[in-house]
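Reader: Got a minute to go through the aromatic rings in this one? Here's what I'm looking at.

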Amino acid sequence: MTRVLVVASTFPASDSDSVPAFVKDQIKAMKSLDDSLEFSVLAPHDIRSNTKKFTKHNAYDEYRFHYAWPHSIEKLAGQGGIMPNLQANLLNYLLIPGLFLCEGISTYNLTRRLKPDLLYAHWFTPQAVITRVVGKLTNTPFVFTTHASDVAVWHKIPFIGKPIVRWSTRGARGFTAVSERSMDKLAEFFSNKEWRELKKRSLLVPMGVDLITEPSDMEVQENSIMFVGRIAEKKGIQYLLPAFKEILLDIPEATLTVAGDGPWLARLKKQAKSLGLTKQQVAFPGYTTGDAKQKLINSHLVYVVPSIIADDGDAEGLPVTLMEGLAAGKICISTNESGADNVLTDGKDGFLVPQKNAEALTAALKKALSLSDTKTKEMGKAAQETAKQFSWPVIARKHIDFLIKDVL
């Protein structure tokens, strides 16, 4: 058996938990391909997800640690993600030292107890930094995956920020990034010569998606537009709403569904109301998952991922939701800043637009909604072909071969 301890700040407690599940899905996909891999996961407690100290699952063992007292205030990690939770409540900044310290102690103790062959950190901050320290203390190799703005935040920390990133990265046996933009943010901390050497230990590989193996017989609503994901500033929905309002001038029967939950939900509902959009025109069904989520995607024609770089620097790596839309054969519209430019070919399997540009979104929506049935089917098939390269069996095999087999 090869024992891997995965350390993450965002990890769902159950299938119905609204916390993004791509780390869990990755572990399950890797386990299904190689049963000799034995996974344990360490993540913070989240009062909103009713997490337990220890839970045994078929594919992994789940461990949780406390980082604040009273435990009822442990709302920094988990639902929403660290950056949005900091933005939603500035008092959450007071929880950061506790998270670093308690995660470090818990990672060290669990490493001593389980004696894993490999430490695997998801997100650079704080996980890669912590596993670098623990790996050094316990002589355990470590690898990490950087997802989005989890490295760039160290630019804001004077004196020690850059040295910490350099020391942590150099100590990793290997590392991956989910998009070119995420990789570039890490490269900024090194000279060109240094990066050429370090890049030999890196791989550009996103998270995966479960492909739909059978075509849906669900009727697609005409002129229907949708967004699925966490409702946060970096998702860019605040630019989608005015773009949709402009669409109604030409297509008054058009509808928009914004599915998900998060810190910006109330703000966006207020924005929709101020734009004069009715509940019949814009629906906010809340968090959806499983079959309900898939049915929602299948019933819509156009799938929008309008991600932006938020004012605090928070940004996407490469949204898993984009691959879900492609896998369903939807007409996908996304911004370059989402990382979609690494995936989509504009006009072939989707449409690309610049960030924070409601006018560009309006133009792309009009183009998507005016496609002939033949062109819609053609682009839908192209989208599904694109999605195949991101299916979990393909992506999980790359992670196993690079992060585990090559390292050990």
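Author: Sure. One cut-off first: a residue counts as buried under 20% relative accessible area and exposed over 50%, with partly exposed in between. Also, this is a predicted model.

Reader: Fine. How many aromatic pairs are there?

Author: The count comes to nine aromatic pairs. Take Phe 54 and Tyr 63: their rings are tilted, 4.9 Å centre to centre with 55° between the planes.

Reader: Is Tyr 63 buried or exposed?

Author: Tyr 63 counts as buried, because its relative accessibility is 9% and the cut-off for buried is under 20%. Phe 54 is partly exposed, at a relative accessible area of 41%.

Reader: And what about Phe 124 and Phe 144, how do they pair?

Author: Phe 124 and Phe 144 meet edge-to-face, with 5.4 Å between centres and 80° between the planes. That pair links distant parts of the chain, 20 residues apart: Phe 124 is in helix H4 (residues 124-138) and Phe 144 in strand S6 (residues 142-146).

Reader: Buried or exposed, those two?

Author: Phe 124 is buried at 0% relative accessibility, and Phe 144 is buried with a relative accessible area of 0%.

Reader: Which residues do ring pairs link into a cluster?

Author: Phe 124, Phe 142, Phe 144, Phe 175, Phe 190 and Trp 195 are linked into a cluster by ring pairs.

Reader: Switching topic: which ring does Arg 132 lie over?

Author: Arg 132 lies over the face of Trp 167, at 4.0 Å from the ring centre. Then there's Arg 267, whose charged end sits over the ring of Trp 264, 4.0 Å from its centre.

Key:
Residues numbered from 1 in each chain as written. Predicted model: local features only at pLDDT ≥ 70, side-chain atom pairs only at ≥ 80, totals over all residues. Heavy atoms only, no water. Phe/Tyr/Trp six-rings, centres within 6.5 Å; stacked < 30°, edge-to-face > 60°. Buried < 20%, exposed > 50% of the residue type's maximum accessible area, 1.4 Å probe, protein only. Helix = DSSP H or I, 4+ residues; strand = E, 2+ residues; numbered from the N terminus. Lys NZ or Arg CZ within 6 Å of the ring centre and 35° of its normal.
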